[in-house]
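Work through the exercises below with the sequence and model open. Try each task before reading its solution.

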Amino acid sequence: MRILIIGGTGNISSHVTALAVEHGHEVTLLNRGNRDLPDGVRGLVGDAGDPDSIQSAIGDETFDVVANFRSFSPQQVTDDIRIFSGRTAQYLYISSASAYQKPIAQLPIVESTPLRNPFWQYSRDKIASEDLLVAAYRESGFPMTIVRPSHTYGESLIPIEGAWTTLQRILDGRPIVVHGDGTSWWTLTHSRDFARAFVGLFGNPHAIGQAVHITSDESLTWDEIARELGRALGREPEIVHVASEAIAREIPAMGPGLVGDKAHSVLFDNTRIKQLVPGWVATTPFSEGAREIVAWYLADASRQQVDPELDAAFDRLIEKHG
């Protein structure tokens, strides 16, 4: 199939790109052209936030599948519906499981669970974007598929607040901050596993008009996530628990993602993706993913960037709440 991926070089999309090529698809990446292209991929230069540049880049081409990994606003979706109507057989939109209602009323979360997140603008923009796609499908048959991942990570993305700053604290034997009491449940999905399910949706007529999870079946507490990273580093982390609201006051940038997402226990029903992509199951446990993350960061000292302001904020939180 002829595949257009908007983005294609990020944490999730790079694995999708590589697997699509491996499966023999004709893959084109549309991005700003500031990264090297993988082998076997054609590149177009355009800006996902500038519809005129997208239109100019693709000209009069048509595609079997268009997947946009760089869409974060309802306006971008409006533009994509206009640009790609009649020019693709399937439009894959990457939404977010953070869009589900907060507080969460019932587990497991299914695709029909209500969407409402009053705490995080990112999630509200995803909800509004989904609403536009659903309306376009109902009114004109726009061939959309909505994918809702939950905290997808790869070797370069550390799925804990503070990223390398937190891991450096573990290495140095200094305490780290974990939100709440550390016992809320969370779902982490390796980008390799995500890619296998995502590419499996390409050209699937049963996925048109649907929203679908792509998430692992593994459930971890936040304390377990921190300890797995510590094991990979060869250190036992000293954990200080701090209420999410207190972290949000001290570090405002973390607030929406904590209070609007990570502070809530999640468990996802993955029946639909397993029906659409027979045989798919996430196979990378976080114990393996944590070792890959640590190996990647330790392989190059330039990757080990500590944020001094964030580090100091963690110290203040520990002093107040430890």
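The exercises cover the cores, the pockets and some backbone features.

This is a predicted model, in which local features need pLDDT of at least 70, side-chain atom pairs count only at pLDDT 80 or more, and totals for chains, interfaces and linings use all residues. Residues are numbered from 1 along each chain as its sequence is written, and side-chain values use heavy atoms, with hydrogens and water left out.

**Exercise 1. Find the largest nonpolar core and say which element gives the largest share.**

Step 1. Apply the definition: buried Ala, Val, Leu, Ile, Met, Phe, Trp, Tyr and Cys residues joined through side-chain atoms within 4.5 Å. Buried means under 20% relative accessible area, exposed over 50%, partly exposed in between (1.4 Å probe, protein chains only).

Step 2. The largest such core has 30 residues. Those with the most contacts inside it include Val16, Phe69 and Phe198.

Step 3. Assign elements, taking helices (H or I, at least four residues) and strands (E, at least two) as DSSP runs numbered from the N terminus. Elements giving two or more residues include β1 (2–6), α1 (13–22) and α6 (191–200). The largest share, 5 residues, comes from α6.

Step 4. Another core, of 28 residues, lies apart from this one; Tyr100 and Phe286 are among its members.

**Exercise 2. List the contacts of Val16, leaving aside neighbours within four places in sequence.**

Step 1. Contact means heavy atoms within 4.5 Å.

Step 2. Val16 then touches Ile5, Phe69, Phe194, Ala195, Phe198, Val199 and Phe202.

**Exercise 3. Describe the largest pocket.**

Step 1. On a 1 Å grid over the protein atoms alone, a pocket is an open set of points where a 1.4 Å probe fits, with protein on both sides within 12 Å along at least five of seven lines; lining residues have an atom within 4 Å of a point.

Step 2. The volume, the space filled by probe spheres set on the points, is about 1,200 Å³.

Step 3. Of 50 lining residues, the closest to the centre are Ile12, Arg70, Phe72, Tyr122 and Leu157. α9 (255–262) gives the most to the lining, with 3 residues.

**Exercise 4. Locate the cis peptide bonds before Pro103 and Pro108.**

Step 1. Lys102 to Pro103 has omega near -5°. For Leu107 and Pro108, omega is about 0°.

Step 2. Pro103 is in the loop between β5 and α4. Pro108 lies in the loop between β5 and α4.

**Exercise 5. Where does His151 lie, and what is its phi?**

Step 1. His151 is in the loop between β6 (144–149) and β7 (152–153).

Step 2. Its phi is near 45°, a positive value in a residue other than glycine. Most residues other than glycine have a negative phi.
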